[in-house]
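Student: I'd like to practise reading a fold from its sheet outwards. Can we go through one together, feature by feature?

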Amino acid sequence: MPKLTWKSSKPVPADTRTHIMASRFEVKSLADVPRFFVRALAAWAQLKTSRGAVEASLIAEPLKRTFWTLSAWESREAIHGYARAEPHRGIMRELRSTMRTSVFTFWELPAGELPLDWGDARARLAAQLRADAENA
């Protein structure tokens, strides 16, 4: 299971509220995995230079056709700015037809509680997936 991690070299005061975003993507077929992974790496490169990015992690489970992201940001606006900027914006459009499922969840944490916890993120994503299914 490949895992990438990154942390900004810009320190964030411990009492600063960070905005966390976690996501889980499942592509429709194994044939979609290489393309998704290559495009995810382009989005990863963008993230490392995005204003407001604090830290991030990406887990790829290629045989399960599943990709997970977890990131901390200085603000919700920074998250949205990253998502609207290229290449991320184009990647979202390009890969939409290959997606079987996708789920997103957001919360806040003081910067002093970083680094991010994948156990917590996976539990929050599972709860969000259940809530999305109930509201569908």
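Tutor: Let's start with β2 and β4, which run antiparallel and are joined by eight bridges. Keep in mind that this is a predicted model. For a landmark in that pair, find Ser-23, which stands opposite Thr-69 in β4.

Student: How many bridges join β2 to β5, and in which sense do they run?

Tutor: Eleven bridges, and the two strands run antiparallel; β2 covers residues 17-27. A handy register mark there is His-19, which has Glu-108 of β5 opposite.

Student: And what about β3 and β4?

Tutor: β3 and β4 pair over eight bridges, again in the antiparallel sense. Look for Ala-56, whose bridge partner in β4 is Ser-71.

Student: What is the strand order of the sheet?

Tutor: The order is β1-β3-β4-β2-β5, an open sheet of five strands with antiparallel pairing. At the edges sit β1 (3-7) and β5 (99-110), each of which pairs on one side only. On average, neighbouring strands are turned by 10° against each other, if you ignore direction.

Student: How should I think about side chains on a sheet?

Tutor: As a rule, side chains of a regular strand alternate between the two faces of the sheet. Here, have a look at β4: seven of its eight residues are buried, so β4 is largely enclosed by the rest of the structure.

Student: Which helix lies across the strands?

Tutor: That's α4, residues 118-135. Helix α4 lies across β1, β2, β3 (53-61), β4 (66-73) and β5, and runs at about 125° to β5.

Student: Now the helix pairs. How do I read α1 against α3?

Tutor: The general idea is that two packed helices are described by the angle between their axes and the distance between the axes. In this case α1 (residues 33-47) and α3 (residues 88-95) pack at about 165°, with their axes 10 Å apart. That angle makes α1 roughly antiparallel to α3. The crossing of α1 past α3 is left-handed.

Student: Which residues make that contact?

Tutor: From α1 you have Arg-35, Phe-36, Arg-39, Ala-42, Ala-43 and Gln-46, and from α3 His-88, Ile-91, Glu-94 and Leu-95. By type, the contact of α1 with α3 splits into five nonpolar, two polar and three charged residues.

Student: At what angle do α2 and α3 pack?

Tutor: About 65°, and the axes of α2 and α3 are 5 Å apart. Tyr-82, Ala-83 and Arg-84 of α2 meet His-88, Arg-89 and Met-92 of α3. That contact of α2 with α3 comprises three nonpolar residues, one polar and two charged.

Student: Last topic: the backbone. What should catch my eye?

Tutor: Most peptide bonds are trans, and most residues other than glycine have a negative phi. So you look for departures from that pattern.

Student: Where are the cis peptide bonds, then?

Tutor: One joins Glu-86 and Pro-87, with omega about 10°. Pro-87 is in the loop between α2 (76-84) and α3. Another joins Leu-114 and Pro-115, with omega about 15°, and Pro-115 is in the loop between β5 and α4.

Student: Which residue takes a positive phi in the hairpin of β3 and β4?

Tutor: Arg-65, with phi near 60°, in a hairpin that has four residues between the strands. Note that Arg-65 is not a glycine.

Student: Is Arg-65 buried or exposed?

Tutor: Neither: Arg-65 is partly exposed, with a relative accessible area of 21%.

Note on methods. Residues numbered from 1 in each chain as written. Predicted model: local features only at pLDDT ≥ 70, side-chain atom pairs only at ≥ 80, totals over all residues. Heavy atoms only, no water. Pairing = 2+ DSSP bridges. Axes fitted to C-alpha atoms, helices over the stretch in contact; angles between N-to-C directions. Contact = heavy atoms within 4.5 Å. Parallel < 35°, antiparallel > 145°, perpendicular 65-115°, else oblique. Left-handed = near helix turned anticlockwise from the far one by under 90°. Nonpolar A, V, L, I, M, F, W, Y, C, P; charged D, E, K, R; others polar. Buried < 20%, exposed > 50% of the residue type's maximum accessible area, 1.4 Å probe, protein only.
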